[in-house]
Amino acid sequence: MNDLQEGKQMERGISFLGLVTLASGTVTGVGFLMMSGDIVSHVGSFNLVVTYIVGMMAEIFAMLAAATLASSYPSAGSVVTYARKVLNNHTLGFLAACALWLGMIAIDGAELMALGRYIYYFLPQMDYYWWGVIVTIVFIAINLLGVSMTSKTQSILGLVMWSGLMSVPIIVLSSGQTDISYWQTFQETIGFNDWMTAIFFGVYCYVGFVTILPAAEETVEPEIRIPKAMLVGTLITGFFYITGGLAITTLRPTSELLALADNGPFASVWVKAMEVIWNGKGAVWMNSIAIITSLTTANACVYGGARMLYGMARERQLPESFRKISERFRIPIIPIIVTGGAILFCVLTGAIRIVSVIANFVFFPLWGIIGLASYKNLSNKLKAGGKLSDKIPFYIPGGRLWPVVTIIMAVAFTIITFLATDDVIFGGGITVVFFVVMWLYYILWNKYNKNKGIDIVTEAEKYETIKADVQSWEA
């Protein structure tokens, strides 16, 4: 009898709104604010919106590939389970999960550093990084109080964030200061490298939709709700980016927007454009939206990172303590504390730069693994006969097209990452070191278990999380 059958199963307390705001929270972040000046400097103001559209479409293609896996194998192990069941490669799944967890730490660490600077705008008396520490501790506490508390907190933050983002085009269009003739580039021709760099930033404005893949044990009908929430969250985020981007780029010529955005740390086209039309109130409003956005992302990453560690433990890749469930709050305590501790360490030591560089280099290869697993999963189901729509609860027409496109994008964006990264040798080097260390851990962990007469792959197969076991618990 496993630990969950002894009455320690997770609470299915995440609402659909909670799932959507978790997905949207990690996808949104404040990257669109901080990267807007970089994008405009390379390709001009109107093309800021073009890169938002390209980024959204890229995320949707990758999300559709991930959705077929999430719907076929809803599991806390997520990418580990997909690799084990479809690719027959537990090691590859472990490395992918490590990359996903590290990506969440990188996203959260960067958000918290930005959060501190945006709060510094209002309260300059305290060093900005201490705000990141305070917020992390608060969200660790919220996550420890149970998944229902996490879901409710995320839903509230998400709704406030959406309301704030929706206000931007409304305020701009009602100002009477817009002029579509400003939708032009600041130079006659745009080079290939400029486009590649801008698209790189545009895609990174959307990273994070996979955060909710490990939420399968804590939501009802995960095979339907998780992929649907990924799609809805990405579309909502894209809508706000595109409508807001279209609005603010009609306020001033490209050269003036860039001059404004160069004024001050973490200043952005969005913040400065709003400041122009609304005097000081515009900057206050956009900085407030940025703070809420960072809070939404921070809570989502603490949750997602902790559940990824829990899922890895369910796949027997981490010690048993990582899969133990609190009897009172029905949450995995150790993964929450470890994830929160890693985020605090990054914020306090400045290690977030190294973590972010590694995350940049591993994120798109992770897309490639998802695309490959999705393609093979669909191929296996087609060989077995019948319609895919009858075999996959959440099926979107297109079949193997989505994973093929995802694999192509993974290769292309990995190359673009190398082209857009200033220090390729440093980034590539520490990324290789990271994967070698993780691979050595997996070998030693596997050997340790075999010496005790345990095969971790066989054990993982015994503890399938969602289908048969959960249905028997709830019956």
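Salt bridges, then. Searching the whole of this predicted model turns up 3 of them. I'll take them in turn.

Start with Arg84 and Glu315, whose side chains meet at 2.7 Å, N to O. Arg84 sits in helix α6, residues 79-85, while Glu315 is in the loop between α13 and α14, so to speak a long way along the chain: 231 residues apart. Are these two buried or exposed? Both Arg84 and Glu315 are buried.

Next, Glu217 and Arg314. Their closest N and O atoms are 3.3 Å apart. Glu217 belongs to the loop between α10 and α11, and Arg314 to helix α13, with their positions 97 residues apart in the count. Glu217 has a relative accessible area of 3%, and Arg314 has 2%. Buried means under 20%, so Glu217 qualifies, and so does Arg314.

The remaining pair is Arg307 with Glu218, at 2.8 Å between the closest N and O atoms. Arg307 is in helix α13, and Glu218 is in the loop between α10 and α11; they are 89 residues apart. The relative accessible area is 0% for Arg307 and 0% for Glu218, so that pair is buried too.

Now the nonpolar core. The largest one has 146 residues, and the members touching the most others are Val79, Phe209, Met312, Trp367 and Phe413. Helix α13, residues 269-314, supplies the largest share, 22 residues.

What does Trp367 contact, apart from its neighbours within four places in sequence? Its partners include Phe209 and Phe413, both named a moment ago among the core's most connected members. Others among them are Ala58, Glu59, Val203 and Met409.

That is the end of my part.

Conventions. Residues numbered from 1 in each chain as written. Predicted model: local features only at pLDDT ≥ 70, side-chain atom pairs only at ≥ 80, totals over all residues. Heavy atoms only, no water. Core = buried A, V, L, I, M, F, W, Y, C linked by side-chain atoms within 4.5 Å. Buried < 20%, exposed > 50% of the residue type's maximum accessible area, 1.4 Å probe, protein only. Helix = DSSP H or I, 4+ residues; strand = E, 2+ residues; numbered from the N terminus. Contact = heavy atoms within 4.5 Å. Salt bridge = Lys/Arg side-chain N within 4 Å of Asp/Glu carboxyl O.
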